[in-house]
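Thanks for sharing this one. Here are a few notes to read alongside the model, with the charged pairs taken in turn.

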Amino acid sequence: MHKIISLTGMEILDSRGRPTVKAICRLESGITAAASVPSGASTGASEALELRDGDPSRYRGRGCLQAAEVINTTLHTALSGRVFDTQAELDLMLIGLDGTQNKAHLGANTLLAVSIAFARACAYEQGLPLYSIFDSLLPGIEAQYMPRPMINLFSGGRHAGGQVAIQDVLVMPVSTIEMPDLLAMTAEVYACAAELTQERYGMRLLRADEGGLAPPFTRVENMFELAVAAIERAGLKPGADVVLALDIAATQFYADGRYNLDERRLSAHDFIALLAAWRRAYPIVSIEDGLAEDDWEHWPSLMQALGGDTVVIGDDLLCTNPSRIRQAAETDSANGLLLKVNQIGTLTEAAESCMLANRARWKVTVSARSGETEDDWLADLAVGWAADFIKIGSITQSERLAKYNRMMEIEGETGTRMAAWAT
Ligand code: PGA
Ligand code: ZN
């Protein structure tokens with residue numbers, strides 16, 4: 001039993017210097033907890049909506065003063081003095097107060113900030129770590145292993161001024177099961193990638209939204225070649241010590257039935273063949289948003305070409321939305337879910353998405369957004385929901401490192417390790 005006494009909302013700034021929302025939840029016991037929410041740039045069309053002020057004279061319309069006000073007035077009035085036995089009870093009430101399919105009325109940013117602040121307050125009240133509260137949202141889940149991080153090395157697309165079409169090349173150290181080793185290996189690969197960028201492009205400090213290096217690649221393939229060279233320069237073996245994961249974010253360069261990258265204008269069929277060729281040529285183990293979010297017709301072919309030995313992840317395709325996940329499972333369109341809680345708006349709905357992915361025997365990757373805050377709840381969520389992977393961004397910016405550091409803390413506290421990598 002948890003009785004809310006007050007809810008407070010604030011506009012704060014995210015890692016891009018854009019407004020986002022923080023909520024503070026106070027319980028009758030005197031326990032107070034806060035949570036802040038992230039925001040995407042390459043957002044899926046089916047994502048729940050954020051409430052933003054739309055006043056062009058302030059933060060170019062992106063202000064969150066109204067969102068803070070919704071928490072201070074509407075949500076505070078409706079929820080304070082009420083007792084909730086479970087997170088689901090609170091979330092269902094939030095969903096009911098909003099009353100729309102896509103959170104267009106009160107905003108997914110306001111609802112999620114309150115949903116997580118409440119979860120954290122309940123954890124504090126019971127003297128439990130946050131991951132065990134998340135754990136209880138998914139009955140039957142047992143966090144046997146820590147999620148393995150996939151870490152942003154090179155960036156393109158919307159996160160890096162569009163200099164190269166695809167959004168992320170990520171590295172995943174696989175020859176360790178411990179976070180401190182994994183981060184040390186990643187740091188060495190990143191340092192080598194920065195040196196190589198300096199040597200080949202005469203620059204090293206150009207960084208994208210998630211801290212990935214963003215030299216002016218002329219072809220997508222240059223990203224993979226440089227990633228492999230960086231792994232080798234770090235004294236590690238591509239494919240054995242470190243593998244690659246890609247976020248193609250294909251919706252961003254899809255128009256009129258064609259995938260437009262570099263000078264190439266490819267049909268879905270030809271683009272799938274190109275992805276399969278990259279998969280053969282480089283140590284790639286997972287491909288996210290390999291096709292556009294509404295190209296449902298071709299996702300089953302992508303799965304046929306790659307699904308046997310590659311994690312075929314839907315991000316914009318699925319938007320952490322249970323009905324899109326059901327559709328993808330029924331049509332065999334993916335075998336991996338990118339789980340971003342703010343794409344759907346409450347913890348309870350995101351838990352349903354995770355459960356559906358588990359039931360379909362998909363891999364689950366819990367993901368940050370390109371605009372993040374210093375809050376670290378994402379690490380607890382990924383552990384609590386026993387995700388296979390976690391995708392936070394690079395290891396060079398504090399809004400990302402807060403979560404990596406929390407992963408190390410949890411690993412130390414629980415003694416849990418990552419699963420050994422099976423090739
Ligand atoms: P976003 O990018 O937060 O800008 O949507 C992250 C991703 O595409 O995975
Ligand atoms: Zn993505």
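1. R16 counts as buried, because its relative accessibility is 19% and the cut-off for buried is under 20%. Do keep in mind as you read that this is a predicted model. The partner of R16 is D209, and the closest N and O atoms of this salt bridge are 2.6 Å apart. D209 has 22% relative accessibility, so this residue counts as partly exposed.

2. Where in the chain do D209 and R16 sit? D209 belongs to the loop between α5 (179-201) and α6 (220-233), while R16 belongs to the loop between β1 (2-13) and β2 (19-27). The two residues are 193 apart along the chain.

3. A second pair worth a look is D375 with R120, whose side chains form a salt bridge at 2.7 Å, N to O. D375 is in the loop between β14 (363-367) and α11 (377-384) and R120 is in helix α3, so this salt bridge ties together parts 255 residues apart in sequence. Both ends count as buried: D375 has 10% relative accessibility, and R120 has 8%.

4. Next comes R406 with D380, where the closest N and O atoms of the salt bridge are 2.8 Å apart. This pair joins two helices, R406 being in α12 (residues 398-414) and D380 in α11, so the parts it ties together are 26 residues apart in sequence. R406 counts as buried at 10% relative accessibility, and D380 counts as buried at 1%.

5. Stepping back, the structure holds 27 salt bridges. You may also like to find the network of salt bridges that links R219, E221, D262, E263 and R264.

6. Now to the domains. The domain assignment gives domain 1 as 2-128 and domain 2 as 148-414, and their C-alpha centres lie 27 Å apart. In contact across the interface are 33 residues of domain 1 and 29 residues of domain 2. About 2,500 Å² is buried between the two domains, with carbon and sulfur atoms giving 51% of that area.

7. How many salt bridges does the rule find across the interface of domain 1 and domain 2? There are 5, and 23 residue pairs are in polar contact across this interface. On the side of domain 1 that touches domain 2, β3 (32-36), α2 (87-98) and α3 (108-126) each supply at least two residues. Helix α3 gives the most to that side, with 7 residues. By class, that side of domain 1 has 15 nonpolar, 11 polar and 7 charged residues.

Key
Residues are numbered from 1 along each chain as its sequence is written. Chains are lettered from A and ligands numbered from 1 in the order in which they are written. This is a predicted model: local features need pLDDT of at least 70, side-chain atom pairs count only at pLDDT 80 or more; totals for chains, interfaces and linings use all residues. Side-chain values use heavy atoms; hydrogens and water are left out. Domain bounds come from an automatic or database domain assignment. Contact means heavy atoms within 4.5 Å. Buried area is the accessible area (1.4 Å probe) that two parts lose on being put together, summed over both. A salt bridge is a side-chain nitrogen of Lys or Arg within 4 Å of a carboxyl oxygen of Asp or Glu. A polar contact is a pair of N or O atoms within 3.5 Å; within protein, one must be able to donate a hydrogen and the other to accept it, and residues adjacent in sequence count only if both atoms are side-chain atoms. Helices (H or I, at least four residues) and strands (E, at least two) are DSSP runs, numbered from the N terminus. Ala, Val, Leu, Ile, Met, Phe, Trp, Tyr, Cys and Pro count as nonpolar, Asp, Glu, Lys and Arg as charged, and the others, Gly among them, as polar. Buried means under 20% relative accessible area, exposed over 50%, partly exposed in between (1.4 Å probe, protein chains only).
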